[in-house]
Amino acid sequence: MIQVLFVCLGNICRSPITEGIFKDLVREKGLEAIIQCDSAGTAAYHIGSLADKRMRKVALAQGIILTHCARQFSDKDFNDYNYILAMDQSNYEHIRKKGLRGDGSYLPEQQLYLYRMFDPKRGSSVNVPDPYYEEIAAFEEVCEIVKRSGIAFLDFIIKKHNLTI
Ligand code: 4NP
């Protein structure tokens with residue numbers, strides 16, 4: 001089983017929609033017995049909460065029901081997940097610092113990625129923008145970014161693990 005974790009700050013906007021969309025993409029390829037995913041936040045503010053209602057509304061418009069309850073990223077996740085995808089550079093740095101070994105290297109190799117590096121239309125931006133203090137259009141934009149990135153990230157996993165679809 002390949003385990004994937006999407007991480008943002010609050011785990012109520014960007015990472016739960018990414019989890020919901022990615023699960024759909026995995027199901028479309030018939031890979032749900034091989035690839036599993038979850039999401040988490042680096043912060044503790046919203047532990048136990050459903051995704052933000054604006055995010056749930058935008059997801060529902062795409063036929064996706066978000067049921068995830070927010071949880072905080074923990075050291076155990078380094079052992080439980082093959083891939084950890086950070087939604088922005090701040091989340092990435094937070095996770096990288098938590099995963100540092102005594103000699104300053106990150107454990108283990110090739111586990112942590114900036115999610116938007118997979119976005120074919122990312123331009124110069126490597127962050128999935130935080131929509132929390134924005135209008136509904138920002139949530140819709142997040143949805144598009146994470147879907148494009150998810151399609152490319154799934155392709156990357158399929159190739160890397162030689163999965164047959
Ligand atoms: P997320 O968005 O990291 O995409 O879940 C946020 C959610 C909550 C807050 C900030 C960003 N907050 O400050 O409470």
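These legends go with a set of close-up views of a predicted model.

**View 1. The ligand and the residues around it.**
Twelve names are worth having at hand here: the ligand is surrounded by Cys8, Leu9, Gly10, Asn11, Ile12, Cys13, Arg14, Tyr45, His46, Asp130, Tyr132 and Tyr133. Sorted by class, that shell holds 7 nonpolar, 3 polar and 2 charged residues. Look for arginine 14 among the polar pairs: an N or O atom of its side chain sits 2.7 Å from a ligand oxygen. The backbone joins in as well, with an N or O atom of cysteine 13 at 3.0 Å from an oxygen of the ligand. Aspartate 130 puts a polar side-chain atom 3.4 Å from a ligand oxygen. On its own the ligand would expose 350 Å², and the protein buries 93% of that.

**View 2. Asparagine 11, a residue of the ligand shell with a positive phi.**
Asparagine 11 is one of the residues surrounding the ligand. Its phi is positive, at about 60 degrees, although the residue is not a glycine. To find it, go to the loop between strand S1 (2-8) and helix H1 (14-28). Asparagine 11 counts as buried because its relative accessibility is 0%.

**View 3. Aspartate 52 and its contacts.**
Aspartate 52 is in the loop between S2 and H2. With a relative accessible area of 12%, this aspartate is buried. Beyond its neighbours within four places in sequence, aspartate 52 is in contact with Ile12, Cys13, Tyr132 and Phe139. Ile12, Cys13 and Tyr132 also turn up among the residues surrounding the ligand.

**View 4. Aspartate 38 in strand S2.**
Aspartate 38 belongs to strand S2, and at 17% relative accessibility it counts as buried. There's plenty to see around this side chain. Setting aside residues up to four places away in sequence, aspartate 38 touches Val4, Leu5, Phe6, Glu19, His68, Arg71 and Tyr81. Take valine 4 from that list: its C-alpha atom is 6.5 Å from that of aspartate 38, though the two residues are 34 apart along the chain. Histidine 68 offers a polar contact, side chain to side chain, at 3.4 Å.

**View 5. The salt bridge between aspartate 38 and arginine 71.**
Stay with aspartate 38 and turn to arginine 71: their side chains meet in a salt bridge, 3.1 Å from N to O. The pair links distant parts of the chain, with aspartate 38 in strand S2 (residues 35-41) and arginine 71 in the loop between helix H2 (53-60) and helix H3 (76-80), 33 residues apart. How exposed are the two ends? Aspartate 38 is buried at 17% relative accessibility, whereas arginine 71, at 22%, counts as partly exposed. The cut-off explains the split, because buried means under 20% relative accessible area.

**View 6. Aspartate 75 and lysine 98.**
Here's another salt bridge, formed by aspartate 75 and lysine 98, with their closest N and O atoms 3.8 Å apart. Aspartate 75 lies in the loop between H2 and H3 and lysine 98 in helix H4 (residues 89-98), so the bridge ties together parts that are 23 residues apart in sequence. Aspartate 75 is partly exposed at 46% relative accessibility, and lysine 98 is also partly exposed, at 37%. Elsewhere, salt bridges with shared partners join Asp38, Arg71 and Asp77 into one network.

**View 7. Aspartate 119, arginine 116 and serine 149.**
In this salt bridge the closest N and O atoms of aspartate 119 and arginine 116 are 3.0 Å apart. Both aspartate 119 and arginine 116 are buried. Serine 149, in helix H5 (residues 136-160), comes into the picture too. Not counting its neighbours within four places in sequence, serine 149 is in contact with Tyr115, Arg116, Phe118 and Asp119, so this serine touches both partners of the bridge. At 0% relative accessibility, serine 149 counts as buried. For the wider tally, the whole structure has 12 salt bridges.

**View 8. Asparagine 162, after helix H5.**
Asparagine 162 sits in the segment after H5. Its phi is positive, near 50 degrees, in a residue other than glycine. Is asparagine 162 buried or exposed? With a relative accessible area of 65%, asparagine 162 is exposed.

How values were computed. Residues numbered from 1 in each chain as written. Predicted model: local features only at pLDDT ≥ 70, side-chain atom pairs only at ≥ 80, totals over all residues. Heavy atoms only, no water. Near = heavy atom within 4 Å. Polar contact = N/O pair within 3.5 Å; in protein donor to acceptor, adjacent residues only side chain to side chain. Areas by Shrake-Rupley, 256 points an atom, 1.4 Å probe, with all protein chains shown as cover. Nonpolar A, V, L, I, M, F, W, Y, C, P; charged D, E, K, R; others polar. Salt bridge = Lys/Arg side-chain N within 4 Å of Asp/Glu carboxyl O. Helix = DSSP H or I, 4+ residues; strand = E, 2+ residues; numbered from the N terminus. Buried < 20%, exposed > 50% of the residue type's maximum accessible area, 1.4 Å probe, protein only. Contact = heavy atoms within 4.5 Å.
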